[in-house]
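Reader: I have a chain to look at and some questions about it. Can we take them one by one?

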Amino acid sequence: VGTFVLGDRSLAAFPDLTVRENLLPFGLGAGIRAERDLAARLLEQFDVRPRGADEREMLALSGGNQQK
């Protein structure tokens, strides 16, 4: 399975959804705890700051962090 990311980040994300919802738009089917754990690991792996995946909307992140 490959990943496709648009060059224009404003078209590649859902700005009104949380960071977690953007990372996992279709969920995992394993419950919210598993989604939160995976989102936290991804934010750490890609060094996205701030790390609160459930507290922040994508729009609240800097442009560089949105691209990560």
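Author: Start with a definition. A salt bridge here is a side-chain nitrogen of Lys or Arg within 4 Å of a carboxyl oxygen of Asp or Glu. Keep in mind that this is a predicted model.

Reader: How many salt bridges does a search of the whole structure find?

Author: Side chains of opposite charge can pair when their charged atoms come close. The side chains of E35 and R20 do meet, at 2.9 Å from N to O. For the whole structure, the search gives a count of one.

Reader: Which helices does that pair link?

Author: E35 and R20 sit 15 residues apart, in distant parts of the chain. R20 belongs to helix α2. E35 belongs to helix α3. The linked helices are α2 and α3.

Reader: Is E35 buried or exposed?

Author: The cut-off for buried is under 20% relative accessible area. E35 has 12% relative accessibility, so E35 falls under that cut-off. Its salt-bridge partner R20 has the same status. E35 is buried.

Reader: Which residues does E35 touch, leaving out those up to four places away in sequence?

Author: One of them is R20, the salt-bridge partner. Another is L24, whose C-alpha lies 7.4 Å from that of E35, eleven residues apart along the chain. The full list is R20, L24, G27, L28 and G29.

Reader: What span does helix α3 reach from its first C-alpha to its last?

Author: Helix α3 covers residues 32-45, which is 14 residues. At 1.5 Å a residue, 20 Å is expected. The model comes close to that, with a span of 20 Å.

Reader: Within what arc do the buried residues of α3 fall?

Author: The buried residues of α3 are E35, A39, L42 and L43. Seen down the helix axis, they line one face of α3, because they fall within an arc of 100°.

Reader: Which residues are exposed on the other side of α3?

Author: Exposed means over 50% relative accessible area. A40, also in α3, does not qualify, because its relative accessibility is 40% and it counts as partly exposed. The exposed residues on that other side are R33, R41, E44 and Q45.

Reader: What helix is included in the cover of the buried residues of α3?

Author: Recall that E35, in α3, pairs with R20, in α2. The cover over the buried residues of α3 includes residues 19-23. That helix is α2.

Reader: Which residues does N22 touch, leaving out those up to four places away in sequence?

Author: N22 also has its place in helix α2. N22 counts as buried, because its relative accessibility is 15%. Its contacts are A13, F14, L17 and M58.

Reader: What is the phi of D47?

Author: Most residues other than glycine have a negative phi. D47 goes against that sign, although D47 is not glycine. D47 comes just after α3, in the loop between α3 and α4. Its phi is near 55°.

Reader: What is the relative accessible area of S62?

Author: S62 lies in the loop between α3 and α4. Its C-alpha is 9.5 Å from that of V48, 14 residues away along the chain. S62 is partly exposed, with a relative accessible area of 40%.

Reader: What pattern does the protein chain follow along the sequence?

Author: The chain has zero strands. Its helices number four. Read along the sequence, the pattern is α-α-α-α.

Reader: What share of the residues of the protein chain count as buried?

Author: The protein chain has 68 residues. Its accessible surface comes to about 5000 Å², and 53% of that belongs to carbon and sulfur atoms. The buried share of the residues is 24%.

Reader: Which element has the lowest mean pLDDT?

Author: The chain averages a pLDDT of 77, and 74% of the residues score at least 70. Among the elements, α3 has the highest mean, at 90. At the other end, with a mean of 64, is helix α1.

Technical notes: Residues numbered from 1 in each chain as written. Predicted model: local features only at pLDDT ≥ 70, side-chain atom pairs only at ≥ 80, totals over all residues. Heavy atoms only, no water. Helix = DSSP H or I, 4+ residues; strand = E, 2+ residues; numbered from the N terminus. Expected span 1.5 Å × (residues − 1). Buried < 20%, exposed > 50% of the residue type's maximum accessible area, 1.4 Å probe, protein only. Arc of directions from axis to C-beta. Contact = heavy atoms within 4.5 Å. Areas by Shrake-Rupley, 256 points an atom, 1.4 Å probe, with all protein chains shown as cover. pLDDT = per-residue confidence, 0-100.
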